[in-house]
Amino acid sequence: MTSPAVRITNPRTDTSVVKTYVELMKLRIIELLLITTLPAMVAAAGGWPGWRLAFATLLGGTLSSAGANAINQVIDAETDALMGRTRGRPLPTGRVSKQAVLTFGVVLGAAGFFWLWATTNLLAAVLSTVGLLSYVFIYSLLLKRSTTQNIVIGGAAGAVPALVGWAAVTNSVELPAWIMFAIIFFWTPPHFWALAVRYQRDYERAGIPMLPVVVGERRAMDHMVAYTIALIGVTLLLYATGPVGWIYLLFAVTAGVGFFLGTWALRDHPEAAMKYFTYSNVYLSIIFIAIAADVLILS
Amino acid sequence: MRDAVLIVGTVLVALGLVLILWRELSGAAERRKTGALRDIFEVLLPVVATTALVVWVWVV
């Protein structure tokens, strides 16, 4: 018979449970969401928004995004088990039950809403929750398995943190916030289609109609070029509307040219899809860090 | 300077949207997994929203 004391004090078990729940939150994806939130706050404030507000907003955004990621894994449990890239996740490996993950996700989402409401304002809290709900209901449940436009429209959920950041500072959502939203929106399809090029067979096996799976990688890359051109145009519109200056413009143009050349080159080198995927993360970070740096230096 | 960037940005967005529409609609039969109406709605929604955004930028 096992002693209760032994079970309670088993550090490996405690660690693995914590690790499992941290894994469900997909903190690496959230990192990028936060990189877009803070510069939006800096732009809205016309300078540093203050440590207290910055911390409160980032924590609230993390809770909402983590909740969305956890709930999404409940919806995707079966398809995740079919894909090499995702079959090691907590649900496909049976490390945790669907019920527990769903509860965890809902609690995190609710905590994010109330935290943002209490520490920032109701608009930021509502926007953050709209992001969570649209990710779960519009992207995961409605679009992901039924249309090649899944990541295009579904990508709007990932763009919401820019609105949350702006709203947390101003209690409103003005034009520059929507332009930042559009930057993330147009960045999302090339970013995820590169991943789909690399993991084409996985998506095919799971029955997820990612564009490269349905029309072939070459044609999907032509779509990526089109979205990249629109993306670069939108980054320029942010400068034209006034909240940022020449430092931002310099980075937006140079990084934009680099991103376009990368997208174009990918058409002949699909084997470089993961390099491109990584660079696309760097590109978005450059754009948003440039927003913050520009405002902080020039203001 | 800002006016020049506004024009270049607008041209690039317009070019991107035209290319997106052309790519999405010309290959619709092969790409489409849903009904035609829903597909057209899904393709047009981001294009119309972005056009509204650009108009807003010009008005402001």
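Modeller: Two residues are in contact if their C-beta atoms, placed from the backbone, lie within 7 Å. Leaving aside neighbours within four places in sequence, A:Phe181 is in contact with A:Ala159, A:Ala162 and A:Leu163. This is a predicted model, in which local features need pLDDT of at least 70, side-chain atom pairs count only at pLDDT 80 or more, and totals for chains, interfaces and linings use all residues. Residues are numbered from 1 along each chain as its sequence is written, while chains are lettered from A and ligands numbered from 1 in the order in which they are written.

Colleague: How many helices and strands are there in chain A?

Modeller: There are 14 helices and zero strands. Helices (H or I, at least four residues) and strands (E, at least two) are DSSP runs, numbered from the N terminus.

Colleague: How do you know whether the radius of gyration of chain A agrees with a compact globule?

Modeller: The radius is taken over C-alpha atoms, and the globule rule is 2.2 Å times the number of residues to the power 0.38. For 299 residues the rule gives a value near 19 Å; chain A has 20 Å, so the two agree. The C-alpha trace spans about 70 × 50 × 30 Å along its principal axes. Of contacts between residues at least 6 apart in sequence, 73% join residues at least 24 apart.

Colleague: Why is A:Lys26 called partly exposed?

Modeller: Count the other C-beta atoms, placed from the backbone, within 10 Å of its own: 20 or more is buried, 12 or fewer is exposed, and in between is partly exposed. A:Lys26 has 17, so it counts as partly exposed. The residue sits in the loop between α2 (11–24) and α3 (27–45) of chain A. Its phi is near 50°, positive in a residue other than glycine.

Colleague: What makes A:Asn171 partly exposed?

Modeller: A:Asn171 has 13 C-beta neighbours inside 10 Å, and therefore falls in that class. This residue is in the loop between α8 (150–170) and α9 of chain A. Phi is near 60°, again a positive value in a residue other than glycine.

Colleague: What share of chain A is buried?

Modeller: Buried residues make up 53% of the 299.

Colleague: Which residues have the most contacts inside the largest nonpolar core?

Modeller: They are A:Phe181, A:Ile183, A:Ala196 and A:Ala230, in a core of 109 residues. Helix α9 (residues 175–198) of chain A gives the largest share, 17 residues. Such a core is a set of buried Ala, Val, Leu, Ile, Met, Phe, Trp, Tyr and Cys residues joined through C-beta atoms within 7 Å.

Colleague: How do you know whether the span of α6(A) agrees with its number of residues?

Modeller: The expected span is 1.5 Å times one less than the number of residues. For the 22 residues of α6 (98–119) that is 32 Å; the end C-alpha atoms are 31 Å apart, so the span agrees. Its buried residues include A:Phe104, A:Phe113 and A:Trp115.

Colleague: Where does helix α7 of chain A bend?

Modeller: Helix α7 (residues 122–143) bends by about 35° at A:Ser134. The bend is the angle between axes fitted to the seven residues ending there and the seven starting there. Buried residues of α7(A) pack against α4 (51–75), α6 and α8 of chain A; among them are A:Leu132, A:Tyr135 and A:Tyr139.

Colleague: How many residues of chain B are in contact with chain A?

Modeller: 28 residues of chain B are in contact with 29 residues of chain A. Helix α1(B) supplies the largest share of the chain B side, 14 residues.
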